[in-house]
Amino acid sequence: MNNYLSNFPLHRPRRLRSSKWIRKLVQETKLLTEDLIFPIFVTYERKSSKIKSMPGICRYNIEEALDLAHKAKELGINAVALFPQVSQDIKDDKGSEAFKKDNIICKLVEKIKKTIPSLGVICDVALDPYTKSGHDGLVENGKVINDKTLDLLCEQALINAQAGCDIVAPSDMMDGRVQKIRNYLDKNNKEETLIMSYAVKYSSSMYGPFREAISASLNLGEDKKKSYQMDYANINEALKEASMDIKEGADILLIKPGIMYLDVLKEIKKKFKYPTFSYQVSGEYSMLKNAILSGTFKEEEVLLEILSCFKRAGADSIITYFALDVANILKKGA
Ligand code: PBG
């Protein structure tokens, strides 16, 4: 004790913060462009259209969506995640369009894999863009029916895999879907297709802008998606969901939403040591983008900080609508 005091203070943590070069040398986590996944909305409409609640993001027509995928690749991004906006007149009760081999997602996957084969392509597996209800599964008597939905999800996953997508990402939160999809893909010679399960997906107000983007929010009912997406108050249940999906054959676990759920991400990464990704969802984008546009935050600073926090918590990769912006910032050598 005396010794320590006589040389007070022996440790001066500020020494390691005194200049940028030393800060960089001791930095514990690095945010890299290669960790980012860029989500792209593609529309059946001929013209791209702005999404009001997501300034700067559009529902792109197929040509522009393809251009964006090229841009992502050029910037060093490794994968894109595709989401469709389906016209109301094509939607029906069981989401039939989701199982058509020439639907807009399959078309876009084929175009991307033909022109940029080294870019990873992720397809969402869930019915919500295609159903009149906007629910991720089949609705009967006001309930989302689990087991009948599974057969449809298997079909959707298979046609996406056959179109050439690298990762199918069940985001529907039905029970048992990872195992069913894995078996179905394998039976149909698609054992190489990866499964990224939205293992832990909370029922969140943060998905509002996404639902506006894909026009799927009108008929969800009072409980919205609470009968299948998780209660935000729970974390033990998150561990259970993750462990089930690992046993069922998931290659990658996705935790969602992002920033408010980093405690969940950290626990899951620590416990299972599995590839674990995070999704900075549409509402998080909207909050930040609006604050950037109003001048409250400086874009470069706030994006690097927030996305670095995902890495610090243990995310291997991050899906973010800011992927191109962040890639540009990192390119400048921030
Ligand atoms: C569809 C799906 C949703 C998101 C990804 N896939 C919305 C939902 O579950 O309602 C949300 C993504 C975002 O908000 O950015 N099952």
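In which loop is Asn189 found? Asn189 is in the loop between α6 (177-187) and β9, where helices (H or I, at least four residues) and strands (E, at least two) are DSSP runs numbered from the N terminus. The model is predicted, so local features need pLDDT of at least 70 and side-chain atom pairs count only at pLDDT 80 or more, while totals for chains, interfaces and linings use all residues. Residues are numbered from 1 along each chain as its sequence is written, and side-chain values use heavy atoms, with hydrogens and water left out.

**The whole chain**

Begin with the full protein chain, which has twelve helices and twelve strands. Its radius of gyration, taken over C-alpha atoms, is 21 Å, close to the 20 Å that the globule rule gives for 334 residues, so the chain is as compact as a globular protein of that length. That rule is 2.2 Å times the number of residues to the power 0.38. Along the principal axes, the C-alpha atoms fill a box of roughly 75 × 40 × 40 Å.

Colouring by accessibility comes next. Of the 334 residues, 54% count as buried; buried means under 20% relative accessible area, exposed over 50%, and partly exposed in between, with a 1.4 Å probe and protein chains only. Contacts (heavy atoms within 4.5 Å) may then be displayed: among those between residues at least 6 apart in sequence, 76% join residues at least 24 apart.

**Positive phi angles**

Return to Asn189. Its phi is positive, about 60 degrees, although Asn189 is not a glycine. Asn189 counts as exposed, at 61% relative accessibility.

Select Lys224 next, in the loop between α7 (208-213) and α8 (236-248). Lys224 also has a positive phi, near 50 degrees, in a residue other than glycine. With a relative accessible area of 48%, Lys224 is partly exposed.

**Strand β9**

From the loop at Asn189, proceed to Ser197, which is placed in strand β9 (residues 194-201). Is Ser197 buried or exposed? Ser197 counts as buried, at 0% relative accessibility. Beyond its neighbours within four places in sequence, Ser197 is in contact with Pro170, Val178, Asp245, Ala250, Ile252, Leu253 and Leu254.

**Cis peptide bonds**

Select Lys256 and Pro257, whose connecting peptide bond is cis, with omega near -5 degrees. Pro257 lies in the loop between β10 (252-256) and α9 (262-272).

A cis peptide bond also joins Phe8 and Pro9, with omega about -20 degrees. Pro9 is found in the loop between α1 (2-6) and α2 (20-26).

**Cysteines**

Now display the cysteine side chains. How many disulfides does the structure hold? The structure holds zero disulfides, a disulfide being a pair of cysteine sulfur atoms within 2.5 Å. Cys106 is in no disulfide, and its nearest cysteine sulfur, that of Cys123, is 7.0 Å away. Cys106 is buried, with a relative accessible area of 1%. Cys154 is likewise in no disulfide; the nearest cysteine sulfur belongs to Cys165, 14 Å away. Cys154 is buried too, at a relative accessible area of 6%.

**Helix α12**

The last stop is Asn328, in helix α12 (residues 323-331). Asn328 counts as partly exposed, at 38% relative accessibility. For a final distance, select Asn328 together with Glu300: the two are 28 residues apart in sequence and 9.8 Å apart in space, C-alpha to C-alpha.
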